[in-house]
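This report is meant for someone meeting the structure for the first time. Please look over the sequence and the 3D view before reading on.

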Number of protein chains: 2
Amino acid sequence: MSTAARKLFHQLSVSCKDCSLGSLCVPHGLDQPDIDKLDESVGHTKLLHSGDYLYRQNTSFKSLFALKSGSVKIVTNDPNVGESILGVYLPGEIIGFDGLSSEVYQCSIQALETSNICEINLDTLQADIPNIYKQLLKHASKAINHTQTAGSVNKANAKNRVVSFLLDIAERYQARGYFHTEFDLYLSRGELGNLLNLTPETISRNIRQLEREKYITLKNNRRVVLNNIEGLKKLNCSPP
Amino acid sequence: MSTAARKLFHQLSVSCKDCSLGSLCVPHGLDQPDIDKLDESVGHTKLLHSGDYLYRQNTSFKSLFALKSGSVKIVTNDPNVGESILGVYLPGEIIGFDGLSSEVYQCSIQALETSNICEINLDTLQADIPNIYKQLLKHASKAINHTQTAGSVNKANAKNRVVSFLLDIAERYQARGYFHTEFDLYLSRGELGNLLNLTPETISRNIRQLEREKYITLKNNRRVVLNNIEGLKKLNCSPP
DNA sequence: CGTTACGTTGATAGGAATCAATGAGGGTGG
DNA sequence: CCACCCTCATTGATTCCTATCAACGTAACG
């Protein structure tokens with residue numbers, strides 16, 4: 001880690017009330033005493049590098065986590081099917097619900113880039129902050145809604161699935177106030193295909209066609225610029 | 001409603017501690033005082049008939065619900081895509097998480113048969129029972145896991161999707177102690193196709209082929225008998 | 001500079017969608 | 001009670017989209 005990076009990292013180890021995520025994370029809706037209590041239960045920021053695991057499938061549940069910066073993928077490994085990528089998490093999103101019901105993580109979380117993550121230990125929270133459970137329940141609810149709509153993407157053809165994915169990422173960045181018309185795809189064509197139930201070849205063909213149609217521009221194959229978000233949305237509204 | 005049915009209905013209006021669902025529902029993990037508090041927050045059992053809505057998409061969130069008997073489907077209506085069936089709920093499962101994060105139900109719930117449903121009013125629960133939030137969070141977590149695995153079914157071919165659906169229903173009945181090798185499909189071929197991202201014709205062809213192969217037996221087109229669950233599981237493990 | 005993994009592009013094959021026709025069941029009204 | 005209608009299910013023929021197979025290009029890395 002470079003000196004500059006180290007400095008940046010330390011800046012990120014702040015308390016919940018000073019955290020740049022602000023209302024995007026769990027504390028939203030809590031009053032000051034509750035946030036202070038939350039602070040005590042939130043461990044130091046973890047630093048993950050690309051490829052590092054936050055936790056692995058079939059290990060015992062320890063905590064929920066809040067993604068502070070970077071991005072990670074959530075994957076399951078079923079011996080019959082192989083590795084399935086279920087989605088990606090962006091800053092401000094809560095990770096770990098997959099382990100809550102059975103006390104064993106049902107998925108693995110792997111960093112797609114350098115990422116900072118806060119640990120939310122439910123045991124130390126105890127019953128101290130009832131409101132925080134309400135907040136977590138809301139996050140879980142949002143996760144359910146997102147997973148469900150992501151599942152219905154499978155009804156669309158290949159092109160619309162790719163477009164839906166790009167728009168989904170853009171909207172999630174936008175909802176959190178990030179620049180949303182240009183971002184890195186930290187997933188390879190193969191991983192995108194895995195996520196969208198398509199082959200790498202089909203992903204490539206459709207991304208290239210979107211580029212020929214001027215909807216997007218590619219930089220170095222991994223960075224995508226959305227030139228015409230409204231056009232992309234229309235594409236999805238009126239299937240060919 | 002017949003006299004017998006009315007009598008049955010009244011029998012079902014019992015308190016949480018006497019409910020036949022027992023540990024399958026929310027109270028699991030709560031102590032007696034908490035269950036008593038829960039009882040106060042649980043409204044009378046609602047009776048729904050086939051086609052009735054428990055709630056409709058885009059209406060404001062009121063409560064979570066516990067399905068006591070019967071079955072319902074959860075659907076979303078996107079003007080671009082039309083109606084999408086996201087899944088079915090069986091007895092002991094919690095309904096309504098889709099409305100929790102935004103305070104507006106994101107889906108509709110429609111009864112597939114005569115069904116009894118308990119209402120769980122979160123407002124009256126307040127902060128009285130911190131543990132209940134823990135329980136609800138676990139239910140939400142389970143829902144996330146289920147939705148995710150259901151989504152990965154879309155990677156399979158048509159036959160395996162049908163098999164996965166049948167096995168999923170069977171396992172959920174079994175987990176709750178119900179007879180699980182014979183049950184009614186309250187979904188039409190078209191609805192099954194909608195749920196599994198296939199056409200009614202494809203559903204029909206695959207169901208009939210499973211019947212020809214003796215894996216299942218159909219009664220009146222809607223009732224299915226699983227003759228060889230182990231065989232069905234093997235089918236899914238080793239795709240052709 | 002070779003190696004390796006990833007991405008692109010083309011040709012072909014396969015599986016599900018679509019189109020079309022018939023069959024079966026359930027309810028309604030004559 | 002039966003004929004009719006309407007919806008759903010089934011089955012076959014054909015089409016279309018994506019997977020598969022194959023070859024080549026490209027970039028990062030030691």
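## Helix H6 of chain B

In helix H6 of chain B, which spans residues 189-196, the buried residues are Leu192(B), Gly193(B), Asn194(B), Leu195(B) and Leu196(B). The model is a predicted one. The cover over the buried residues of H6(B) includes strand S5 (82-89), helix H5 (158-175) and H7, which belong to chain B. After H6(B) comes Asn197(B), with a positive phi near 60 degrees.

Two packed helices are described by the angle between their axes and the distance between the axes. For H6(B) and H7(B), the angle is about 100 degrees and the axes are 8 Å apart. Angles of 65 to 115 degrees count as roughly perpendicular, and therefore H6(B) and H7(B) are roughly perpendicular to each other. On the H6(B) side, the contact is made by Arg189(B), Gly190(B), Leu192(B) and Gly193(B), and on the H7(B) side by Pro200(B), Thr202(B), Ile203(B) and Ser204(B). The contact of H6(B) with H7(B) has three nonpolar, four polar and one charged residues. Leu192(B) and Gly193(B) are thus named twice: they are buried residues of H6(B), and they take part in the contact with H7(B).

## The DNA strands

Which residues come closest to DNA strand C? Among the 16 residues that surround DNA strand C, the closest are Arg189(A), Ser204(A), Asn157(B), Ala158(B) and Thr202(B). Helix H6 (189-196) and helix H7 (200-212) of chain A, and helix H7 (200-212) of chain B, each supply at least two residues of the surface near this strand.

DNA strand D also has 16 residues around it, and Asn157(A), Ala158(A), Thr202(A), Arg189(B) and Ser204(B) come nearest. Here H7 of chain A, together with H6 and H7 of chain B, each supply at least two residues of the surface. Arg189(B) and Ser204(B), which are among the residues nearest DNA strand D, also belong to the contact between H6(B) and H7(B).

The table sets out the makeup of the two surfaces.

| Surface | Largest share | Residues by class |
|---|---|---|
| Near DNA strand C | H7(A), six residues | four nonpolar, seven polar, five charged residues |
| Near DNA strand D | H7(B), six residues | four nonpolar, seven polar, five charged residues |

## The contact between the chains

How many residues does each chain give to the contact between chain A and chain B? Chain A gives 32 residues and chain B gives 32 residues. On the side of chain A that touches chain B, strand S5 (82-89), helix H4 (130-152) and helix H8 (229-237) of chain A each supply at least two residues. H4(A) has the largest share of that side, with 17 residues. By class, the side of chain A that touches chain B divides into 14 nonpolar, 13 polar and five charged residues.

## Chain A as a whole

The secondary structure of chain A comes to eight helices and eleven strands. Of its 240 residues, 39% are buried. Among contacts in chain A between residues at least 6 apart in sequence, 70% join residues at least 24 apart.

Chain A is divided into domain 1 (3-153) and domain 2 (156-237). The contact between these domains takes eleven residues from domain 1 of chain A and eleven residues from domain 2 of chain A. The side of domain 1 of chain A that touches domain 2 of chain A has six nonpolar, four polar and one charged residues.

How values were computed: Residues are numbered from 1 along each chain as its sequence is written. Chains are lettered from A and ligands numbered from 1 in the order in which they are written. This is a predicted model: local features need pLDDT of at least 70, side-chain atom pairs count only at pLDDT 80 or more; totals for chains, interfaces and linings use all residues. A residue is near a molecule or strand if its C-beta atom, placed from the backbone, lies within 6 Å of it. Ala, Val, Leu, Ile, Met, Phe, Trp, Tyr, Cys and Pro count as nonpolar, Asp, Glu, Lys and Arg as charged, and the others, Gly among them, as polar. Domain bounds come from an automatic or database domain assignment. Two residues are in contact if their C-beta atoms, placed from the backbone, lie within 7 Å. A residue is buried if 20 or more other C-beta atoms lie within 10 Å of its own, exposed if 12 or fewer, and partly exposed in between; C-beta atoms are placed from the backbone. Axes are lines fitted to C-alpha atoms, for helices over the stretch in contact, and angles run from 0 to 180 degrees between N-to-C directions. Angles under 35 degrees count as roughly parallel, over 145 as roughly antiparallel, 65 to 115 as roughly perpendicular and the rest as oblique.
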